[in-house]
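Biologist: Please give me a close look at one part of this model, namely the helix packing, and set it in its context. I would like the terms explained as they come up.

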Amino acid sequence: MKVVAANASPFARKVRIIIEEQGLTDSVEIVDPGAVTPVSNNEILNAASPLGILPVLVLDSGESIVDSRTICDYLNDVSAERGAQSLYPEAQDERYQTRSLAALTDGMMDVAVAMRYETALRPAELQWPEWLEKQQEKLVRSLDYLESRVGGLATDRLMMGEIGVACILGYMDFRFPDTDWRAGRAGLATWFEKVSSRKSLQDTVPA
Ligand SMILES: N[C@@H](CCC(=O)N[C@@H](CS)C(=O)NCC(=O)O)C(=O)O
């Protein structure tokens, strides 16, 4: 199977980290489609998914699986069948906490990617400062929430929640280097520094 995934995308990064962490590097080819924006057409991507949004997993049968969360779950199932540990805890409460953290960090990525499109792609005269300000507040509140919960984040083994946290923090550094998310969030900064040394994160630094 192959996954259409750009290096800059935090959603695609989750998938690429899972491929490495779950021992699937020999089974999934990574295809970089080149530039992808909401205001351009990318033929490789559009051939894989009518939505033209990445990542997309293309199975050997030719069928596509869209949306990073679905792809992550699919790869988690495939790796579990091969004996890897699941990316979700078994106990129900913990499992839903992990799912909720993964959903929160996906939401943060949605906000951050939309802000990037607004500031980098939308013509200056059409930009909407009030909208940008509210999106920024969502990120600030969510980062503060993550800081308050950082004691529950593992560094020795990444589950789906930790992978999401690492991907949004890496994206903040990549696209919003002037926003000092580390200020006042020493726990999160230390956690991110520790997990960033993992091979799966080193190999997928956004570019
Ligand atoms: N919900 C989707 C979001 C993916 C997403 O926003 N991908 C961006 C790149 S980071 C994209 O493909 N943008 C192109 C577009 O919006 O047309 C997922 O989790 O896979």
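Modeller: The chain is divided into domain 1 (2–81) and domain 2 (92–198), with bounds that come from an automatic or database domain assignment. This is a predicted model, in which local features need pLDDT of at least 70 and side-chain atom pairs count only at pLDDT 80 or more, whereas totals for chains, interfaces and linings use all residues. Residues are numbered from 1 along each chain as its sequence is written.

The C-alpha centres of the two domains lie 21 Å apart, and their contact takes 12 residues from domain 1 and 12 residues from domain 2, two residues being in contact if their C-beta atoms, placed from the backbone, lie within 7 Å. On the domain 1 side, α1 (10–21) and α3 each supply at least two residues, and α1 gives the most, with seven. Helices here are DSSP runs of H or I with at least four residues and strands are runs of E with at least two, both numbered from the N terminus. That side of domain 1 divides into seven nonpolar, one polar and four charged residues; Ala, Val, Leu, Ile, Met, Phe, Trp, Tyr, Cys and Pro count as nonpolar, Asp, Glu, Lys and Arg as charged, and the others, Gly among them, as polar.

Within domain 1, the axes of α1 and α3 come within 9 Å and cross at roughly 5°, the axes being lines fitted to C-alpha atoms over the stretch in contact and the angles running from 0 to 180 degrees between N-to-C directions. The two helices are therefore roughly parallel to each other, since angles under 35 degrees count as roughly parallel, over 145 as roughly antiparallel, 65 to 115 as roughly perpendicular and the rest as oblique. Phe11, Lys14, Val15, Ile18 and Ile19 of α1 make this contact with Ser68, Ile71, Cys72, Leu75 and Asn76 of α3.

In domain 2, helix α4 (residues 92–120) packs against two partners, of which α6 (residues 160–175) meets α4 at an angle of about 20°, with axes 7 Å apart. α4 and α6 are therefore roughly parallel to each other, and α4 passes α6 in a left-handed crossing, a crossing being left-handed if the near helix is turned anticlockwise from the far one by less than a right angle, and right-handed if clockwise. Among the residues in this contact are Thr98, Leu101 and Thr105 of α4, together with Gly161, Gly164 and Tyr171 of α6, and the contact divides into 11 nonpolar, four polar and three charged residues.

The axes of α4 and α5 (residues 129–148) come within 10 Å and cross at roughly 150°, so α4 and α5 are roughly antiparallel to each other, and this crossing too is left-handed. Leu104, Met108, Val111, Ala112, Ala114, Met115 and Glu118 in α4 meet Leu132, Gln135, Lys138, Leu139 and Ser142 in α5, with eight nonpolar, two polar and two charged residues in the contact. Met108 and Ala112 of α4 thus appear in the contact with α5 and in the contact with α6.

Finally, the ligand has 13 residues around it, of which Ser9, Phe11, Pro38, Ile53 and Ser68 come nearest, a residue being near a molecule or strand if its C-beta atom, placed from the backbone, lies within 6 Å of it. Both α3 (68–81) and α4 supply at least two residues of this shell, which divides into seven nonpolar, three polar and three charged residues.
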